[in-house]
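I opened a new notebook page for this one. These are my entries, in the order I looked things up.

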Amino acid sequence: MAELKSTTTDHGFPRNYSNEFLILDKGQGVYLFDISGKRYLDFGSGIAVNALGYGNKKIADIAHKQMEKLIHVSNLFTTEPALEFASKLVDGERFSAVHFGNSGSEANESALKYAKLYSLRTKNENCYKILSFSGAFHGRTMGALSSTHNKKYKEPFGPMIPGTEIIEFNNVEVLTKILDETYAAVIVEVVQGEGGLYTMTDEFAKALRELCDKYKVLIIADEVQTGLGRTGTLYASDGINLKADIITLSKPIAGGLPLSATLIPGFVNDKIEVGEHGTTFGGGPVTTAIASYIWDIVSDQKFLDDVKSKSAYLTGKLEDLHDQYPFIKEIRGKGLLLGLEIEESGNIDVLKIITKAREKGLLLLKTGVNVLRLAPPLIISHKEIDEGVTILKSVLNEISM
Ligand code: PLP
């Protein structure tokens with residue numbers, strides 16, 4: 001086993017996963033090491049999760065101390081770490097409550113359920129529809145999947161939840177035509193993490209808010225991938241002045257342990273009755289204790305400004321690549337969630353770039369159909385950005401020869 005770097009067969013996982021896995025052993029800072037000791041610079045962060053990178057002693061320490069004290073109590077009770085973290089997320093003005101769950105999909109399921117309850121109790125039982133957009137990815141559970149766009153994820157599992165509509169992203173005209181009071185909510189990503197890193201336009205954000213106010217439709221910002229500093233603001237919706245009614249968070253929230261948060265305003269919370277929603281594991285003391293520590297770091301303005309400046313630095317490097325390689329069509333994304341749209345042909349292929357980069361010790365992600373996604377840990381340094389771009393450039397050189 002020790003000499004293996006990857007496993008291709010008999011790994012014991014279902015066929016919906018890859019038949020080939022890199023077996024990772026440990027991590028330090030922005031680097032991962034496989035079981036043979038090979039080092040990888042991580043430009044993927046475990047799909048935008050590991051904002052503070054790897055080997056953070058403080059996270060391990062918090063987890064260790066809390067696990068010795070108390071691991072699980074269920075949602076029949078609560079704990080000090082859960083209360084403390086909730087008090088950080090809830091400001092009493094914009095958001096008055098947080099529902100903790102365990103994954104991004106679950107955070108969105110909660111948001112959709114809360115929106116339906118609100119609509120039922122402020123309008124009527126016919127106002128249950130949910131609107132989402134082309135390119136959207138909201139998760140793989142049935143509610144979240146119904147609002148996800150990619151047919152590949154949905155079609156075999158139909159029929160979807162009744163009343164879920166999907167229209168073109170950033171098209172104000174279509175939005176104006178379709179939206180009315182029969183909708184309970186619009187669920188949207190400000191930067192489409194899995195859909196190719198398209199960003200919501202200011203014009204669309206403004207029209208969306210106005211129409212939703214007009215028809216009493218809630219805006220759910222799915223910030224599972226973009227929230228907590230990834231795009232250089234605490235929430236990506238802040239970055240484009242979209243005032244969402246509900247925000248969902250997950251990926252980076254607990255340093256790699258499963259936790260999600262659905263933030264709701266008082267006027268929604270007022271319409272929910274005891275017992276209408278719940279979960280066994282959500283918001284346990286270990287995950288929330290870590291989340292408080294992460295929150296204090298990523299919500300600090302200096303940290304967020306630093307993400308912005310590193311984003312500008314990396315974007316500059318990507319622009320150089322764009323100038324040099326004609327098959328790079330566009331640079332998209334925000335903060336440290338950036339992408340290169342690749343015009344695929346012959347040897348020029350996103351998966352090939354990812355494979356070759358991995359051989360050279362750089363981990364990259366794909367998004368959309370043909371977009372190379374870069375989402376390094378937010379603690380990455382300029383020097384490490386240089387190292388990653390140098391490896392990427394050598395791969396681009398090789399495949400374009
Ligand atoms: N929403 C967005 C924007 C995501 O990027 C993801 C996952 O990639 C999800 C929801 C689903 O999260 P999870 O895989 O934790 O259920």
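**Entry 1: Ser134.** I started with how open Ser134 is, and it came out partly exposed, with a relative accessible area of 21%. That falls just on this side of the cut-off, because buried means under 20%. I found Ser134 in the loop between strand S7 (129-133) and helix H5 (142-146). Then I checked its distance to Phe169: the two are 35 residues apart in sequence, yet their C-alpha atoms are 5.4 Å apart in space. A note to self before going on: this is a predicted model.

**Entry 2: the core.** Which residues have the most contacts inside the largest nonpolar core? I got Leu89, Leu364 and Leu392, in a core of 99 residues. Next I asked which helix gives the most to this core, and it is H11 (residues 285-298), with eight residues. I also looked at where the core sits relative to the domains. Domain 1 (3-55 + 301-399) and domain 2 (58-298) both give residues to it, so the core lies between them.

**Entry 3: cysteines.** I looked for disulfides and the structure holds zero. Cys127 is in no disulfide, and the nearest cysteine sulfur, that of Cys212, is 13 Å away. Seen from the other side, Cys212 is in no disulfide either, with the sulfur of Cys127 as its nearest at 13 Å. A disulfide needs the two sulfur atoms within 2.5 Å, so a pair 13 Å apart does not count. Are these cysteines buried or exposed? Cys127 is buried, at a relative accessible area of 6%, and Cys212 is buried too, at 1%.

**Entry 4: salt bridges.** The count comes to 18 salt bridges. I went through a few of them one by one.

I took Glu20 and Arg358 to begin with; their closest N and O atoms are 3.2 Å apart. This pair links distant parts of the chain, 338 residues apart. Glu20 sits in the loop between strand S1 (6-7) and strand S2 (21-22), while Arg358 belongs to helix H13 (residues 350-359). Glu20 counts as partly exposed at 29% relative accessibility, and Arg358 counts as partly exposed at 26%.

Then I turned to helix H8 (residues 202-215), where Lys206 and Glu210 are four residues apart and so are separated by about one helical turn. They form a salt bridge, with the closest N and O atoms 3.2 Å apart. Lys206 is exposed, with a relative accessible area of 55%, whereas Glu210 counts as partly exposed at 46%.

Helix H8 also holds Arg209, and its partner Asp245 lies in the loop between H9 and S11, 36 residues apart from it. The side chains of Asp245 and Arg209 meet in a salt bridge at 3.2 Å, N to O. Is this pair buried or exposed? Asp245 counts as buried at 8% relative accessibility, and Arg209 is buried at 17%.

I also came across a network: Lys329, Glu330, Arg332 and Glu341 are joined into one by salt bridges that share partners.

**Entry 5: backbone oddities.** Most residues other than glycine have a negative phi, and most peptide bonds are trans. I went looking for exceptions.

Ile47 has a positive phi of about 60 degrees although it is not a glycine. This residue lies in helix H1 (residues 45-48) and is partly exposed, with a relative accessible area of 38%.

Asn241 has a positive phi as well, about 55 degrees, and is not a glycine. I found it in the loop between helix H9 (236-239) and strand S11 (246-249). Asn241 is exposed, with a relative accessible area of 71%.

Which peptide bond did I note as cis? The one from Gly158 to Pro159, with omega near -5 degrees. Pro159 is in the loop between H6 and S8.

**Entry 6: a surface patch.** I stayed with that loop, since I wanted to look up Ile161, which lies between helix H6 (151-154) and strand S8 (164-167). Ile161 is partly exposed, with a relative accessible area of 31%. A patch residue needs over 30%, so Ile161 passes that cut-off. Together with Met142 and Phe157 it forms a nonpolar patch on the surface, with about 260 Å² of accessible area in total.

How values were computed:
Residues numbered from 1 in each chain as written. Predicted model: local features only at pLDDT ≥ 70, side-chain atom pairs only at ≥ 80, totals over all residues. Heavy atoms only, no water. Patch = residues over 30% accessible without salt bridge, like charges linked within 9 Å, V, L, I, M, F, W, Y side chains within 5 Å. Areas by Shrake-Rupley, 256 points an atom, 1.4 Å probe, with all protein chains shown as cover. Salt bridge = Lys/Arg side-chain N within 4 Å of Asp/Glu carboxyl O. Helix = DSSP H or I, 4+ residues; strand = E, 2+ residues; numbered from the N terminus. Buried < 20%, exposed > 50% of the residue type's maximum accessible area, 1.4 Å probe, protein only. Core = buried A, V, L, I, M, F, W, Y, C linked by side-chain atoms within 4.5 Å. Domains from an automatic or database assignment.
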